[in-house]
Amino acid sequence: RNTFTSSGTREEVHTTRSFVWISSVMGSVWVREWRAVVRNRSAIINPVAFVFLGVLLFNLGSRSYEESFDGSALGMLWVLVLIANLLALDSTFRRDFESGLLEQIFVSAEVPFLILFLKVLMQWMTTGFLISLLSPLLALLMGVPYELLGNTFVALLIGTPTLSFLGAIGASLTVGMGRGGALLALLVLPLYIPVLIFGVNVSQSQSIALTEISSLYWLFFIS
């Protein structure tokens, strides 16, 4: 009986130590990624600036606002967000690959999945999450009615993480290539199509109650 008790205590201690170690590693990786973003502020400014410029060009190229809203502005907003996320994907793993850190993560880390998860999460926060927060302003600049701003914000907040994590698949496959931007787009864009379709449907829905929008459940399912 004492033997079983001591073995159980050892397992609990080992589990606690593993949890503490994993938490410390994740914390250090998160701090490192945040410092890298702060040093390279263009990673935050470039996607937002691209979307704003795209919105301005859309307004300049489109006709004056009409009383009827056809929904093309929301489709264009989603396309701009998709392209901005695609442009930011190439640098997700490239810096660590060139420095050799990515190889060390897979060789020495016990949980490389969690470290890569944090890296992709940081990429989403500097692109998709920030653009989602600004989406009501961007939608207003494109002439979207007020009643659709909430649906647009929710759809982007749910859909943009999917864009980042699906894009990470293509970024991981092309990280070893010098100029893999075109190949990355060919790999990732087909995966983005369902998110684009359901995201636009949720944004264009006239229903205020989000639970009544069927496309929202599909967007959740994809996420």
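The expected span of a helix is 1.5 Å times one less than its number of residues. I applied this to a predicted model, starting with helix 3.

**Entry 1: helix 3.** I looked up the extent of helix 3, which covers residues 72–89 and holds 18 residues. From its first C-alpha to its last I read 26 Å, close to the 26 Å expected at 1.5 Å a residue. I then checked the burial of helix 3 and found that 13 of its 18 residues are buried, which leaves this helix mostly covered.

**Entry 2: the chain as a whole.** I counted the secondary structure elements and obtained 9 helices and 0 strands. Along the sequence I noted the pattern α-α-α-α-α-α-α-α-α. The chain has 223 residues, of which 39% are buried. I also looked up the contacts with a separation of 6 or more: 79% of them join residues 24 or more positions apart.

**Entry 3: Lys119.** I located Lys119 in helix 6, which spans residues 112–141. Is Lys119 buried or exposed? I recorded a relative accessible area of 3% for Lys119; the limit for burial is under 20%, so Lys119 counts as buried. I next listed its contacts, setting aside residues up to four places away in sequence. Lys119 touches Arg32, Glu33, Thr92, Phe93, Arg95 and Asp96.

**Entry 4: aromatic pairs.** I searched for paired rings and found 2 aromatic pairs in the structure. One of them is formed by Trp124 and Phe129, with 5.2 Å from centre to centre. The planes of Trp124 and Phe129 are 55° apart, and the pair is classed as tilted; edge-to-face would require over 60 degrees. I compared the accessibility of the two partners. Trp124 is buried at a relative accessible area of 13%, whereas Phe129 is partly exposed at 26%.

**Entry 5: cavity.** I searched the whole structure for cavities of 30 Å³ or more and found 1. For the largest cavity I noted about 40 Å³ of space. Which residues line the largest cavity? I listed Leu89, Asp90, Phe93, Arg94, Ala171, Thr174, Val175 and Leu184. Helix 4 (91–99) and helix 7 (149–174) are the elements that give two or more residues to this lining. By residue class, I recorded 5 nonpolar, 1 polar and 2 charged residues in the lining of the largest cavity. I noted that Phe93 appears in this lining and also among the residues that Lys119 touches.

Methods:
Residues numbered from 1 in each chain as written. Predicted model: local features only at pLDDT ≥ 70, side-chain atom pairs only at ≥ 80, totals over all residues. Heavy atoms only, no water. Helix = DSSP H or I, 4+ residues; strand = E, 2+ residues; numbered from the N terminus. Buried < 20%, exposed > 50% of the residue type's maximum accessible area, 1.4 Å probe, protein only. Contact = heavy atoms within 4.5 Å. Phe/Tyr/Trp six-rings, centres within 6.5 Å; stacked < 30°, edge-to-face > 60°. 1 Å grid on protein atoms, 1.4 Å probe; cavity = no way out; pocket = protein on both sides within 12 Å on 5 of 7 lines; lining within 4 Å. Points joined across faces, edges and corners; volume = space filled by probe spheres on them. Nonpolar A, V, L, I, M, F, W, Y, C, P; charged D, E, K, R; others polar.
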